[in-house]
Amino acid sequence: MKRSHWSIPYAVFLAIFVALPLVLIMVYALQDGQGHFTLANITRFFSDSDALGTFAVSLEIAIENTLICILLGYPAAWILANRELNRSAVTIVLFILPMWINALMRTLATAELFNILGVQLGKGTLLFGMVYDYLPFMIYPIYNVLVKMDKSYQEAAQDLGATPWKVFWKITVPLSMPGVTSGVLMVFMPTVSTFAISEFLTNNKIKLFGTIIQENINASMWNYGAALAFFMLIIIGVTTMFNGNNKEAEGALI
Amino acid sequence: MAGDRIIDLQHVSKRFGDKTVLEDINLYIRKGEFITLLGPSGCGKTTTLRLIAGFLAPDEGEILLDGKDISAIPPYKRPFNTVFQRYALFPHLDVYDNIAFGLKLQKVPTDEIDRRVRRVLKMVSMTDYEERDVDSLSGGQQQRVAIARALVNQPKILLLDEPLAALDLKMRKDMQIELKEMHRELGITFIYVTHDQEEALTLSDTIVVMNEGKIQQIGTPTDIYNEPVNSFVADFIGESNILNATMVRDRLVSFIGHDFPCVDEGFGEGVPVDVVVRPEDIYFTTNPARCQFRAKVNSCTFKGVHYEMYVDTDNGFELMIQDYDPYEVGSEVMLYIEPDDIQVMHKERTCNTFEGKMVDATHVELLGGTFECLPQEGLSAGDAVTAEVDFDKVDLLDHQEEGVLAGEVHFLLYKGDHYHLTILTEDGDHLWVDTDDIWDKGDLVGVDIAPKDLKITRRNEA
Amino acid sequence: MKKLISQIYLWILLILLYAPLVFIAIFSFTESKVLGDWAGFSTKLYENLFTGRMQGSASLISAVENTLLIAVVSAAVSMALGTVAAIGIHNLSGRKRRALTFLNNIPMINPDVITGVSLFLLFIFLHFSQGYLTVILSHISFGTPYVVLSVLPKLQQMNPNIYEAALDLGATPAQALRKVLVPQLRPGMISGFILAFTMSLDDFAVTFFTRGTIGLETLSTYIYADARKGGLTPELRPLMTLIFLMILVLLLVINLRQSRLQKANE
């Protein structure tokens, strides 16, 4: 028996549990309650100013969150990966640890802390909570890429006359892009689509896109909910294709 | 002479943690020469190169460029360029941009960059490759781009760190010829690092042989080949027969049970020495008058250019001989060696000498272990002593736990009728052992010494 | 100097990252119902947690049990399925391999809401009643890709001939798998299991959408419901603190073992 045939059970599993569900989203999105083909859900979305507004807000928060995570996370990853500045394996563990603690738990803890400190829940706390939740997911892949990077590139650049500053911007940053991309992937889309976090951290004052998907499904408005999900899928598809076949980005995860 | 020197290393030492990687290195490099740092891995040659390049700073000593100390100058300000062992071509830039990298940093005008890049690409025979991605290139091509990237900046010195190590044999030989050509054309100083002695002999004007952080010998290829100063250099360069010998008197040396006229003087009389004879310098004869010793042919292998034969001499020594003609296995042959071809070298040591301390009347602490010895009169616990052990009186055991010390076989030297091993103990000390047993480099051994073989004398601590 | 600034930067970030958790940990040692009120030092909440006599609803313990059960089962199945799949994929090439790899990566790229909704629709479509089985199946579907991704590199590093060598010496494919492949792949399998296990423990959205209406709660859904009700079950504080400490110790141990192994190999 050929060993490549060992992939067949999984192929079947993927077909049923990954491919089919996504197809179903598309199917439901394009049907009405009676199972007839219709574009009504889609047109409804584009004319619903609430939904569009929520989407815009979600995008805005996601972009801000991602940018802040990069701004705060890249230096942190760089320091952690630099043996001269950090020799402690424990520090690295401390930065990775939050990723493994239940996200809801962490968000709730943050919300409670804000309560005690008397900070008003709103956009600021939401953004803080998002960064708080997602920062480790940005730091880890960048750290991974930086730590595995061949030091001889930096040495070669220095040898050719580049000062440490130039080495960083012309060599280290470009070569660390797969890690940054990985981080962005793990932060951007999830931010757009979470719902629990925004509920807790804004007392439901700000709704994110994930929230309205959830509300619709819960209210048995499956078709409209599926249409919203379908819309998100398209965006994910576009951004993934934009990235191309990023094998290095996967490597950055593990 | 002093104005001739471009680089001068004076009393340079370098340590990594508690390991001394370079010890008191003194070396000068002449402008325009092709000098090679040659030695086994771990000998310190790459460290020396990196010190010159500026990626490391010396713990002691000075590095002078044209007479001025540059130890504190960072690598991006030194007028040298390096060709790295694994090329280190920037994967996110194409060939052109890789080469232009240094020039762009210097803000050279675009048209001049273009001119120089194309010219250097032509020199390494890589024209038309400007737009290619570096990971689409073969090893040899990447190598040339790396060389081009370094040379385009017109450095005063080109540093090469085992640049051909990753190439296959034919490609390596072709590149060696090209490098030599480039050196001739450009006229700049090349500092080359390799562990391949053939490569060093082919390329260099001067060779610096290094081992364990110390310079063993500096000389031209012919000097190093024909007149190695010690058994390490003799063994490292080319094939050789290295044997224990006794200098009978000036110009007469005795080894393998016979006396041979030689050309060396000044070693003294009756002094133990080491002798090197290259395999190609032992000649066959059918004339009994010329015969200096007899032997029986053990094996004969065709090597393409010559035949390689192993013979057992009349006194029980094994020698390697290279000759253009084969001799039948089992046949008795008559051999001689010209006086010129016998290289006499000082022995670095005649027995093991260690510093130790008495634990009690019958035990001494040496090399991190406690050995039993014969009762020593006049010595008590705590006294500082010197212990001597002959090479053939050290016992090596198969299992580390069986011995007083644990060690590893670090280096093997065949001496014609026995092996002369260098053992590295757990604590990092060296121990030399003569044995008939066949060991391999890297074998783990236990070390023991019979009490009667330890010669202990009081050491006067100054 | 550079080192000092770097360390300060890191520590500021760490303080911000851990402030909420430390806050919860501190208040796990007091009995007050409202978080933030210090009612004197007490370990009562810890006692309640372990004896099951809760001030809040008693279903916290069962939620924790469910969470662990689902995580262990789904991660175990993921490990088996993913390892076999990785071996298969490793031996594929070209279009088939790209297609499978693409499908494999989808659950990792997709936000959990999408995965949850899509699986929800799947179970509706298949007329599966939602409960334990559907949740476990869903967790397997997003856990297995991590196993595949952990095992594939080990396959690539492994000598390709050892499987054939085993067959040559008389082993059946199943024996070769067990005696030769699995020992080589074990590190990848274990890290894959740990990843799948963690993803399952951490999951909220997928469980939320696929658990149906039988009242199945995992820790995440319990917390969600709890927070919506306005109060935070006090016993959650010691629970969170304990989980935090356990993971901290676990990660430290793993890391110390890894660095000690590395030093030994040098």
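These questions and answers describe a predicted model, taking chain A and then chain B.

Q: How many helices and how many strands are there in chain A?
A: Read from the N terminus on, the elements of chain A run α-α-α-α-α-α-α-α-α-α-α-α-α. No strand appears in that run. The count for chain A is 13 helices and zero strands.

Q: What percentage of the residues of chain A count as buried?
A: A residue is buried if 20 or more other C-beta atoms lie within 10 Å of its own. Chain A has 254 residues to which this test applies. The share that count as buried is 50%.

Q: Which share of the contacts in chain A between residues at least 6 apart in sequence join residues at least 24 apart?
A: Two residues are in contact if their C-beta atoms lie within 7 Å. The contacts considered in chain A are those between residues at least 6 apart in sequence. Of these, the share joining residues at least 24 apart is 73%.

Q: What does the C-alpha trace of chain B span along its principal axes?
A: Chain B has 462 residues, of which 35% count as buried. Its elements are eight helices and 30 strands. Along the principal axes, the C-alpha trace of chain B spans about 85 × 65 × 45 Å.

Q: What distance separates the centres of domain 1 of chain B and domain 3 of chain B?
A: The domain assignment of chain B places domain 1 at 2-226 and domain 3 at 352-458. Domain 2 is assigned to 239-345. Taken over C-alpha atoms, the centres of domain 1 of chain B and domain 3 of chain B are separated by 42 Å.

Key:
Residues numbered from 1 in each chain as written. Chains lettered and ligands numbered in written order. Predicted model: local features only at pLDDT ≥ 70, side-chain atom pairs only at ≥ 80, totals over all residues. Helix = DSSP H or I, 4+ residues; strand = E, 2+ residues; numbered from the N terminus. Buried ≥ 20, exposed ≤ 12 C-beta atoms within 10 Å, placed from the backbone. Domains from an automatic or database assignment.
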